[in-house]
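Colleague: I would like to work through this structure with you, one question at a time. Please show me the sequence and the model before we begin.

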Amino acid sequence: MRATRRQAIAAFAGLSGATALAAGSAMAAARDAAKDAAKDAAQGGAHGGAHGANTVVGNVDHAANGFTPHQLLTEFDYGKTSTDPDGRRVREWTITAVDKEIEIAPGVLFPAWTYNGRVPGPTLRCVEGERLRIHFINSGSHPHTIHLHSIHPARMDGIGIAGEVEPGGSFTYEVDAKPFGCHLYHCHSTPLKRHIHKGLYGALIIDPDPDRHPEHRPAALGRRHGTPEHASWQEFIMVMNGFDTNFDDENEFYAVNSIAFAYAREPIRVARARRVRIYLVNVTEFDPINSFHLHANFFDYYDHGTTLTPTLRIVDTVMQCQAQRGILEIDFSGNEPGLYMFHAHQTEFAELGWMGFFEVTE
Ligand SMILES: [Cu+2]
């Protein structure tokens, strides 16, 4: 029997968890613990490192990954737009599934399955009521799909054997952009937990069309990209994820946007006077929930982003099950400039990579 990550850590730490291990697995546990300890020591990590460090040592090769944490945080993919003969706006993207090794913490490589070579995949952004076309090409080694969390016909749902796109194959998903909100897409091939956890997921953001929401027009304008009202916001996309690096169905690393401690090493700079909007999506596999906690300030929250008035007001922590998502709106104008921490309040996740800072400036 293989020791789990938690058992191995406990064994290494000399905690009582070690005694609970069956005698036959004690050697394996010790071996795993030694490996974990070596890994932690190499990283100056959460368990083996010097007191107070609580992060990683060394640098991820972002160039080799082909993306930077800042890009994943701020890049919205608006696709290509055109107009249908009936006058309707069409928005199109091409998404290619490719197998790719990515570095998720200094020196830790993960054999990912990706959409367009990145984890998470591109953040697709559109406007309520548009016609969306997603051209999917499977250049990976396994059958994959794209399953959208939106309202759409069954034949566009990207599920099951019938919906699978074989390696070398392609399929075009065509759906209406509805409902407005903060959504996600992911592969729905089986075994589902493996296909999701390997990295095949991304965010889908449908901005509200202000003309359809006269009763909440100012709020809708503030959410709709391209308007002056929207330009005053500082927006970020954060996909909460984890990585099972030894394939024992437990995560060894956690993050937002894949790279452990990326926004602790390089805090997210925000101007005090401009409000902050975060599109938060949880795709963490193997753990039932994840969460976002902000230090020294509170925020409003819109569950699924499908309303224009907050579903939670003045909170500093929100919890999400897998595939749950929402929008956070933060006002730092009452805070003095400085570093404001945010992290999962499953503190174990925070110590294994899911922690960062906003650097609030004048
Ligand atoms: Cu898949």
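Colleague: What average pLDDT does the protein chain have?

Modeller: This is a predicted model, and so the confidence of the predictor, given for each residue on a scale from 0 to 100, is a sensible place to begin. Of the residues, 85% score at least 70, and the protein chain has an average pLDDT of 89.

Colleague: Over which residues does pLDDT stay under 50?

Modeller: One such stretch has 19 contacts beyond four places in sequence, and it covers residues 8-31. Another has 22 contacts beyond near neighbours in sequence, and here the pLDDT is below 50 over residues 37-52.

Colleague: Which protein residues are the donors of the copper ion?

Modeller: In sequence, the donor residues are spaced H-x42-C-x7-H, so we look for a histidine, a cysteine and another histidine. The donor atoms, two ND1 and one SG, lie 2.0 to 2.1 Å from the copper ion, and they belong to His144, Cys187 and His195.

Colleague: How many residues apart are histidine 144 and histidine 195, and where does each of them lie?

Modeller: Histidine 144 is in the loop between strand S5 (131-138) and strand S6 (147-148), whereas histidine 195 is in helix H6 (residues 192-197). The pair therefore links distant parts of the chain, and the separation is 51 residues.

Colleague: Is histidine 195 buried or exposed?

Modeller: A residue counts as buried when its relative accessible area is under 20%. Histidine 144, with a value of 0%, is buried. Histidine 195 has a relative accessibility of 3%, and because this is under the cut-off, histidine 195 counts as buried.

Colleague: What kind of aromatic pair do phenylalanine 292 and phenylalanine 299 form?

Modeller: A pair of aromatic rings is described by the distance of the centres and the angle of the planes. For phenylalanine 292 and phenylalanine 299 the centres are 6.0 Å apart and the planes stand at 85°. Because planes over 60 degrees apart are counted in that class, the pair is edge-to-face.

Colleague: Why is the pair of phenylalanine 292 and phenylalanine 342 stacked, and which strands does it tie together?

Modeller: The ring centres of phenylalanine 292 and phenylalanine 342 are 5.6 Å apart and the planes are at 10°, so the pair is stacked. Both residues are buried, since phenylalanine 292 has a relative accessible area of 0% and phenylalanine 342 likewise has 0%. The two lie 50 residues apart in sequence, so the pair ties together parts of the chain in strand S14 (residues 289-294) and strand S19 (residues 338-343).

Colleague: Which residues do ring pairs link into a cluster with phenylalanine 292?

Modeller: A search of the whole structure finds 16 aromatic pairs. Ring pairs link Phe292 into a cluster with Phe236, Phe299, Phe332, Tyr340, Phe342, Trp354 and Phe358.

Colleague: Over which ring does the charged end of arginine 125 sit?

Modeller: Elsewhere, the charged end of arginine 223 sits 5.8 Å from the ring centre of tyrosine 302, over that ring. For arginine 125 the distance to the ring centre is 4.7 Å, and the ring beneath its charged end is that of phenylalanine 76.

Colleague: In what sense do strand S8 and strand S9 pair?

Modeller: Strands S8 and S9 belong to an open sheet of four strands with mixed pairing, in the order S4-S9-S8-S6. The edge strands, which pair on one side only, are strand S4 (124-127) and S6. Strand S8 (residues 181-186) and strand S9 (residues 201-207) pair over six bridges, and histidine 186 stands opposite tyrosine 201 in S9. The sense of the S8 and S9 pairing is antiparallel.

Colleague: Which proline is joined to valine 119 by a cis peptide bond, and which one to lysine 178?

Modeller: Most residues other than glycine have a negative phi, and most peptide bonds are trans. The cis bond after valine 119 has an omega of about -5°, and its proline lies in the loop between strand S3 (108-115) and S4. The cis bond after lysine 178 has an omega of about -10°, and its proline is in the loop between strand S7 (170-176) and S8. The partner of valine 119 is proline 120, and that of lysine 178 is proline 179.

Methods:
Residues are numbered from 1 along each chain as its sequence is written. This is a predicted model: local features need pLDDT of at least 70, side-chain atom pairs count only at pLDDT 80 or more; totals for chains, interfaces and linings use all residues. Side-chain values use heavy atoms; hydrogens and water are left out. Contact means heavy atoms within 4.5 Å. Donors are N, O and S atoms within 2.8 Å of the metal (3.2 Å for Na, K and Ca); water is not among the atoms, so sites may look incomplete. Buried means under 20% relative accessible area, exposed over 50%, partly exposed in between (1.4 Å probe, protein chains only). Rings of Phe, Tyr and Trp (its six-membered ring) pair if their centres lie within 6.5 Å; planes under 30 degrees apart count as stacked, over 60 as edge-to-face and the rest as tilted. A charge sits over a ring if NZ of Lys or CZ of Arg is within 6 Å of the ring centre and within 35 degrees of the ring normal. Two strands pair if DSSP finds at least two bridges between them.
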